[in-house]
Amino acid sequence: MPEGPEELVDAIVVAVRAGDDRRIGLLLDRFKEVAGLCHLIRLRERLCRVSVLRK
């Protein structure tokens, strides 16, 4: 499992694209422990791009 917040952002985006709910949950639990506001904002931006690509 990724340790750093930047790695976690990337891993969460990959899990969302794959639709892997279990992995998303595990990664978000870890993300809450290590990430700051700037990482949360980056995650939101990346996930918004994923949703736009799916439309």
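## Around A11

Leaving out residues up to four places away in sequence, A11 touches P2 and L27. Keep in mind that this is a predicted model. A11 also turns up in the contact between helices α1 and α2, and in the largest nonpolar core, so we'll look at those next.

## How α1 and α2 pack

Two packed helices are described by the angle between their axes and the distance between the axes. Here, helix α1 covers residues 5-18 and helix α2 covers residues 21-34. Their axes come within 10 Å and cross at roughly 160°. Angles over 145 degrees count as roughly antiparallel, so that is how α1 runs relative to α2. The crossing of the pair is left-handed.

Who makes the contact? On the α1 side you'll find P5, L8, V9, A11, I12, A15 and V16, while α2 brings R23, I24, L27, L28, R30, F31 and V34. Sorted by class, that gives 12 nonpolar residues, 2 charged ones and no polar ones.

## The nonpolar core

In soluble globular proteins, nonpolar side chains tend to be buried together. The largest nonpolar core in this model has 10 residues: L8, V9, A11, I12, V13, A15, I24, L27, F31 and L43. The elements giving two or more residues to this core are α1 and α2, and α1 has the largest share, with 6 residues.

## R46, a buried arginine

R46 sits in helix α3, which spans residues 37-54. Is R46 buried or exposed? With a relative accessible area of 17%, R46 falls under the 20% cut-off, so R46 counts as buried. Setting aside neighbours within four places in sequence, R46 is in contact with V9, D10 and V13.

Notes:
Residues numbered from 1 in each chain as written. Predicted model: local features only at pLDDT ≥ 70, side-chain atom pairs only at ≥ 80, totals over all residues. Heavy atoms only, no water. Axes fitted to C-alpha atoms, helices over the stretch in contact; angles between N-to-C directions. Helix = DSSP H or I, 4+ residues; strand = E, 2+ residues; numbered from the N terminus. Parallel < 35°, antiparallel > 145°, perpendicular 65-115°, else oblique. Left-handed = near helix turned anticlockwise from the far one by under 90°. Contact = heavy atoms within 4.5 Å. Nonpolar A, V, L, I, M, F, W, Y, C, P; charged D, E, K, R; others polar. Buried < 20%, exposed > 50% of the residue type's maximum accessible area, 1.4 Å probe, protein only. Core = buried A, V, L, I, M, F, W, Y, C linked by side-chain atoms within 4.5 Å.
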